[in-house]
Amino acid sequence: MASAVIERLKWGVGFLGGLPGEKTVLKMLAAVQPFAMPRKTRRLRRVYGERCARLLHNLGKADILIAPSEKAREIYEALGVPCERVAVIPHGAPPIPEARAGLPASEYDGTRPLIVGYVGTVMPHKGVATLLKAIRGFSPDKVALRIYGRAYPPRFARFIMKAIRRFPRGQVEIRGMYQPDELPRIMAGLDVVAIPALWHEPFNLVLW
């Protein structure tokens, strides 16, 4: 609960990074919680345990399960799902758009800012806030970030915009939505494409 309160406060002001002593305070509160709220703590542990057991039970009743990658299959196996029932079938995906001639691709030579790009949906679990924290460690004449895609939910979109306003003008820009056939042009204008997801993604369309 304390972690959720701190997160909401940070999102409200567009704050990136950790507060002084934040991890220590959260560890202390986590240690105290079972004694301060014993019944609630026991109930939460029981409910989460029951949910996990029910999901594994239901998965175990299937004749066959489909995972979109070997990594996803490994994660299911680590959670207790019988691997012999998991078939790996990659996701279908649209054709890769062909690059048109004359795109403005210039090799990075150190005489201009390194252009880092994020392309895709801008959501909390995609790690855009982590990327912003990394960019913050560089001056605008060294590194710039271009974000292509839609940010949501609305509360997270507002947080991202507030966080960006803390950067020097022009260092971080949100370029908005794009169409698949625009990807070659977008990629040609980037030196680095960052995919900073906070968890294993079953399939990343931009990376593909």
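In which helix do Lys71 and Glu74 both lie, and how many residues apart are they? In this predicted model, both residues belong to helix α4, which spans residues 70–78, and they are three residues apart, about one turn of the helix. Their side chains meet in a salt bridge, with a distance of 3.9 Å from N to O, a value that falls within the 4 Å limit set for such a pair. Lys71 is partly exposed, with a relative accessible area of 41%, and Glu74 is likewise partly exposed, with a relative accessible area of 40%.

Salt bridges recur elsewhere in the model, where the count comes to ten. Side chains of opposite charge can pair when their charged atoms come close. A network of salt bridges links Glu70, Arg73 and Glu77. A further salt bridge is formed by Glu182 with Arg185, the closest N and O atoms being 3.1 Å apart; here Glu182 is partly exposed at a relative accessible area of 26%, and Arg185 is partly exposed at 38%.

The salt bridge between Lys126 and Glu201 has its closest N and O atoms 2.6 Å apart. Because Lys126 lies in the loop between β3 (114–119) and α5 (128–135), while Glu201 lies in the segment after β6 (192–193), the pair ties together parts that are 75 residues apart in sequence. Lys126 counts as buried, with a relative accessibility of 15%, whereas Glu201, at 22% relative accessibility, counts as partly exposed. The two residues therefore fall on opposite sides of the 20% limit under which a residue is called buried.

Helix α4 also contributes to a nonpolar part of the surface. Ile75, which is placed in helix α4, joins Leu56, Tyr76 and Leu79 in making a nonpolar surface patch of about 330 Å². Ile75 is partly exposed, with a relative accessible area of 32%, and this value satisfies the requirement of over 30% relative accessible area for membership of a patch.

Ser69 is found in the loop between β1 (65–67) and α4. Ser69 counts as buried, at 18% relative accessibility, and a polar atom of its side chain lies 3.1 Å from the backbone nitrogen of Ala72. When neighbours within four places in sequence are left aside, Ser69 is in contact with Val88 and Pro202.

Aromatic rings provide another set of side-chain pairings, and the count comes to three aromatic pairs. One of these is formed by Trp11 and Phe156, whose rings are 5.2 Å apart from centre to centre, with 55 degrees between the planes, in a tilted arrangement. This pair links distant parts of the chain, with Trp11 in helix α1 (residues 2–13) and Phe156 in helix α6 (residues 154–164), 145 residues apart. Trp11 and Phe156 are both buried. A second pairing involves Phe156 and Phe159, whose ring centres are 5.8 Å apart and whose planes stand at 45 degrees, so that this pair is tilted as well; the angle lies between the limits of 30 degrees for stacked and 60 degrees for edge-to-face rings. Phe156 and Phe159 are three residues apart in helix α6 and are therefore separated by about one helical turn. Both of these phenylalanines are buried, and ring pairs link Trp11, Phe156 and Phe159 into a cluster.

Backbone geometry adds a further feature in the loop that leads to helix α6. Most residues other than glycine have a negative phi, and most peptide bonds are trans. Tyr152 and Pro153, however, are joined by a cis peptide bond, for which omega is about 5 degrees. Pro153 lies in the loop between β4 (143–148) and α6.

Gly21 is located in the loop between α1 and α2 (22–36), where it counts as partly exposed at 39% relative accessibility. Gly21 and Ile115 are 94 residues apart in sequence, and their C-alpha atoms are 33 Å apart in space.

Definitions and conventions: Residues are numbered from 1 along each chain as its sequence is written. This is a predicted model: local features need pLDDT of at least 70, side-chain atom pairs count only at pLDDT 80 or more; totals for chains, interfaces and linings use all residues. Side-chain values use heavy atoms; hydrogens and water are left out. Helices (H or I, at least four residues) and strands (E, at least two) are DSSP runs, numbered from the N terminus. Buried means under 20% relative accessible area, exposed over 50%, partly exposed in between (1.4 Å probe, protein chains only). Patches are made of residues with over 30% relative accessible area and no salt bridge: like charges are joined within 9 Å, nonpolar side chains (Val, Leu, Ile, Met, Phe, Trp, Tyr) within 5 Å. Accessible areas come from the Shrake-Rupley method with a 1.4 Å probe; for residues, only the protein chains shown count as cover. A polar contact is a pair of N or O atoms within 3.5 Å; within protein, one must be able to donate a hydrogen and the other to accept it, and residues adjacent in sequence count only if both atoms are side-chain atoms. Contact means heavy atoms within 4.5 Å. Rings of Phe, Tyr and Trp (its six-membered ring) pair if their centres lie within 6.5 Å; planes under 30 degrees apart count as stacked, over 60 as edge-to-face and the rest as tilted.
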